[in-house]
Amino acid sequence: MEYAEQLFGQFFGAEWGLMLFSLTKNLALIFAIVIPLLLGVAYLTFAERKIIASMQIRVGPNRVTFFGIPWLGGWGQPIADAVKAMMKEIIVPNGANKVLFILGPILTIAPALAAWAVVPFSPEMVLADINAGLLYILAMTSMGVYGVIIAGWASNSKYAFLGTMRTAAQVVSYELAMGFALVCVLMMSQSLNLGDIVRGQEGGSLLNWYWIPLFPMFVVYFISGVAETNRAPFDVAEGESEIVAGFHVEYSGMAFTVFFLAEYSNMILVATLSSLLFLGGWLPPLDMAPFTLIPGFIWLLLKVAFLLFCFLWFRATFPRYRYDQIMRLGWKVFIPITIVWIVILGGVMQLPSSLLNMFPLNLWFH
């Protein structure tokens, strides 16, 4: 890295060389995050179809392959779906606001990708290691709903607008519960930096992770994440039998596909944040061999894969909630639970260290 920086300095001068080197480095890191993320989104759709097919005793995608290799049957399906989406025409309704109609999907996918800038994949693998990382993610993820609102309004369709209103109300309701759950993590770690939050869970085993003292908050955060991403059983915004596919009913081609890229990208983001905040991130379950021989990035990937499997499991298991049930769960159950747990956690943190040491609480409260 230092040699590359010196080469830039020799060719472009000290000041310009440093600036161009920093720009090139950041672009390379952005591509190193975005390209695997998009591939992960593509093959998450494939995994969803195969896993749910297995649960329902079906086969799932098994035809599209690479170069005719038989044992890769089905693995080419996400690529085929992407090519098909790119070949389709984007139809803009006559009465739609054309600028906002195109801007809606962009405003949905951009925050979903921008939030990954502060996500640490290991102690040294992070694009921007900022102190207010958790606040930045809250700001970015809150922006996604504006894309949905603009898309539904700009379509000039009553069905799309109805789906937009339902989505906006649902997202706002569960963002409050998610925010209060994150306040508990902030109180435990005393930091907004995601790397510091993971390092605060170090201690030798999975018993030091925050999922034990904050188990109700972990459940609330993860279920709220399912609702935030409009996944089953909270997919009333896209309930085909109820409101004709919701806010994106007028979209086609790649404009339609971008909404699903944002949805699956947000699924991966929620699973990653849940792993970092409650499940120790890149930390191994036991700080001893052979667990420590596996790179931290692999441990984070395994935790994310398990939580994504839960996303798919929920879809195959639970029926869709009624809209009033969704609102009741968010406002009358999750928000009171989070507020009560904040009060309890604040009281425990005020206990003298002698009392903390008498109980296993000294595992998490130092």
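## A tour that starts at the cavity

The lining of the largest cavity is a mix of seven nonpolar, four polar and two charged residues (nonpolar: Ala, Val, Leu, Ile, Met, Phe, Trp, Tyr, Cys and Pro; charged: Asp, Glu, Lys and Arg; polar: the others, Gly among them). You're looking at a predicted model, where local features need pLDDT of at least 70, side-chain atom pairs count only at pLDDT 80 or more, and totals for chains, interfaces and linings use all residues. Residues are numbered from 1 along each chain as its sequence is written, and side-chain values use heavy atoms, with hydrogens and water left out.

Stay with that cavity (a set of points on a 1 Å grid over the protein atoms alone where a 1.4 Å probe fits but cannot get out; lining residues have an atom within 4 Å of a point). The largest one has a volume of about 70 Å³, taken as the space filled by probe spheres set on the points. Now select Pro120, Val126, Asp129, Asn193 and Gly195: of the 13 lining residues, these are closest to its centre. Next, pick helix α7, residues 194–199, which gives the largest share of the lining, three residues.

Zoom out and colour by secondary structure: there are 13 helices and zero strands (DSSP runs, H or I of at least four residues for helices, E of at least two for strands, numbered from the N terminus).

Then colour by burial. Of the 366 residues, 42% are buried (under 20% relative accessible area, 1.4 Å probe, protein chains only).

Last, show contacts (heavy atoms within 4.5 Å). Among those with a separation of 6 or more, 73% join residues 24 or more positions apart.

Note on methods
Buried < 20%, exposed > 50% of the residue type's maximum accessible area, 1.4 Å probe, protein only. 1 Å grid on protein atoms, 1.4 Å probe; cavity = no way out; pocket = protein on both sides within 12 Å on 5 of 7 lines; lining within 4 Å.
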